[in-house]
Amino acid sequence: MPGLKMIYSIFAVLGLFLNTVLATAQAYKQLEFSNVGFTGSFTPVQKISDETSSKCTCEPGDREYFSGTNAPLSEYLSVHLRGPLKLTQFAFYVADKFIINDNSSNSGTWDRVAYYNAEKQTADNVTFTTNAGTDSPCLGKALCYAADDGVSKADSSTVLKSDNYISSDEEFSIFSSTECPKSGKNKKCGVYRKGIPAYYGFYGTTKMFLFEFEMPRETKKNSSSFSYYDLPAIWLLNDHIPRTSQYPTNGNCSCWSSGCGEYDIFEVMNGTERDRLYSTFHTFQGIENLNVGIQSYGYIERDTENTMRGGVIFDSNGSTISFISSSLSFDQNLTASSVNGLLYVADEDQVYDRKLLSVAGSATSSKQSDAFSLLTDGRGLWYYLLTIFTGLAHFIMV
Ligand SMILES: *[C@@H]1O[C@H](CO)[C@@H](O)[C@H](O)[C@H]1NC(C)=O
Ligand SMILES: *[C@@H]1O[C@H](CO)[C@@H](O)[C@H](O)[C@H]1NC(C)=O
Ligand SMILES: *[C@@H]1O[C@H](CO)[C@@H](O)[C@H](O)[C@H]1NC(C)=O
Ligand SMILES: *[C@@H]1O[C@H](CO)[C@@H](O)[C@H](O)[C@H]1NC(C)=O
Ligand SMILES: *[C@@H]1O[C@H](CO)[C@@H](O)[C@H](O)[C@H]1NC(C)=O
Ligand SMILES: *[C@@H]1O[C@H](CO)[C@@H](O)[C@H](O)[C@H]1NC(C)=O
């Protein structure tokens with residue numbers, strides 16, 4: 001029956017085509033992860049020795065345990081930004097309870113507890129810092145107060161100027177204005193590097209970080225002197241990391257490599273895809289390779305011409321959503337329903353969903369997590385039906 005074979009062939013080609021297209025990344029407004037948070041541990045830095053000499057080393061301390069919703073990202077987090085970027089607003093909110101896409105069980109409001117507005121020069125509960133302090137062979141440059149340009153060293157806490165553009169490779173970070181207790185083992189801020197301005201990051205299980213920013217195209221010419229040419233990013237770190245060393249040459253000089261936590265909200269990964277913003281977890285939940293982490297297959301489009309508004313929400317049920325929305329406001333109080341209103345999308349295909357594994361302990365097979373994500377990657381039933389058609393067509397034709 002050549003007619004039937006022809007139909008199957010068409011389906012086969014269509015199925016293969018859709019497979020190829022859909023298996024690659026796609027642009028979305030929201031990148032969602034569920035089942036975030038696990039029981040695990042990390043090793044804090046216990047001692048930093050010979051900081052400025054070539055003998056410089058660090059000693060890891062006893063394991064610290066964490067568990068529960070969003071752990072370890074339920075700990076204090078610092079905010080990091082890399083150019084080309086301009087920050088016009090930043091806000092941090094907490095809520096007693098908030099569940100993404102569930103209006104019925106939401107109570108109360110999101111309360112803004114930190115805020116920066118470039119134009120109005122408001123800076124409530126924010127401290128701008130950058131890595132421009134003393135250099136060290138094992139720790140890199142020390143954290144220091146940032147001057148109003150975000151990248152030079154200042155002697156005291158300074159508000160970023162309204163025209164705070166930073167270019168490729170340049171970075172600054174944001175902490176709260178609550179000072180840490182003295183450096184020490186078992187203290188809330190742990191052991192940290194001598195002489196740095198030490199502040200707490202931003203705390204809470206249920207929390208939201210919002211940004212109004214620009215990520216314009218880099219105007220400088222590319223050269224091998226850049227590490228991150230035209231690769232802007234906004235990300236969160238367990239605040240212990242930058243207080244010891246953000247870019248150590250010895251993994252023992254930061255709790256990062258033992259999995260104390262990083263979440264990339266909007267990150268350009270490479271020069272080939274420089275207008276795509278990905279979200280990635282760098283924790284040991286369901287994976288062994290912390291460097292690769294668990295990355296969204298989908299991405300948010302980087303708008304190089306206009307101001308973007310968006311951020312990330314960690315909800316009370318272990319869902320995390322990175323999102324972009326032009327209707328976002330930075331009011332003192334935001335009702336749960338208004339925030340869920342922002343997240344509402346008529347077209348379900350615009351929500352990218354990837355489930356993380358629940359793991360007790362520190363790591364599990366990465367193979368397992370791949371198989372799991374295949375079933376929960378939110379591609380929709382029709383995609384799988386077409387895959388089945390492809391298979392059927394091959395079977396009949398052979
Ligand atoms: C909470 O998260 C679980 C697992 O991710 C999900 O199955 C459940 O529907 C969520 N509950 C609500 C109220 O959204
Ligand atoms: C609004 O937010 C502030 C903190 O920014 C909080 O103190 C206040 O209680 C909130 N108001 C309401 C009605 O939730
Ligand atoms: C500033 O933020 C920190 C960290 O989340 C929080 O503990 C503190 O209460 C905030 N301070 C004010 C004045 O809101
Ligand atoms: C910049 O140059 C580096 C090599 O030095 C290359 O890897 C990268 O892709 C280039 N970026 C762009 C955006 O062309
Ligand atoms: C890190 O610390 C561990 C445990 O103390 C030690 O075995 C290892 O050699 C150290 N690594 C480096 C690069 O110093
Ligand atoms: C660029 O990054 C994306 C997202 O991680 C990845 O899929 C792609 O393979 C990368 N491209 C190159 C050339 O490394």
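A disulfide, for our purposes today, is a pair of cysteine sulfur atoms within 2.5 Å. Hi everyone, and please keep in mind that this is a predicted model.

With that cut-off, Cys-255 and Cys-260 qualify, because their sulfur atoms sit 2.2 Å apart. The torsion about their S-S bond is 75°, a right-handed link. Are these two cysteines buried or exposed? Cys-255 is buried at 2% relative accessible area, and Cys-260 is buried too, at 1%.

How many disulfides does the structure hold? There are four. Counting bonded cysteines along the chain, the pairing runs 1-3, 2-6, 4-5, 7-8.

Let me show you the bond between Cys-58 and Cys-253, with an S to S distance of 2.0 Å. Its torsion is about 95°, so this disulfide is right-handed. Cys-58 belongs to strand E5, while Cys-253 is in the loop between helix H2 and strand E17, so the bond ties together parts 195 residues apart in sequence. Cys-58 is buried at 8% relative accessibility, and Cys-253 is buried at 0%.

Then we have Cys-180 and Cys-189, joined at 2.1 Å. Here the S-S torsion is -80°, and the link is left-handed.

Now over to ligand 3. Which residues surround it? Among them are Phe-92, Val-113, Asn-125 and Tyr-203. A polar side-chain atom of Asn-125 comes 2.4 Å from a ligand 3 oxygen, and a backbone N or O atom of Tyr-203 lies 3.1 Å from an oxygen of ligand 3. The protein covers 55% of the 360 Å² of accessible area that ligand 3 has on its own. The shell has four nonpolar, four polar and no charged residues.

Thanks, everyone!

Technical notes. Residues numbered from 1 in each chain as written. Chains lettered and ligands numbered in written order. Predicted model: local features only at pLDDT ≥ 70, side-chain atom pairs only at ≥ 80, totals over all residues. Heavy atoms only, no water. Near = heavy atom within 4 Å. Polar contact = N/O pair within 3.5 Å; in protein donor to acceptor, adjacent residues only side chain to side chain. Areas by Shrake-Rupley, 256 points an atom, 1.4 Å probe, with all protein chains shown as cover. Nonpolar A, V, L, I, M, F, W, Y, C, P; charged D, E, K, R; others polar. Helix = DSSP H or I, 4+ residues; strand = E, 2+ residues; numbered from the N terminus. Buried < 20%, exposed > 50% of the residue type's maximum accessible area, 1.4 Å probe, protein only.
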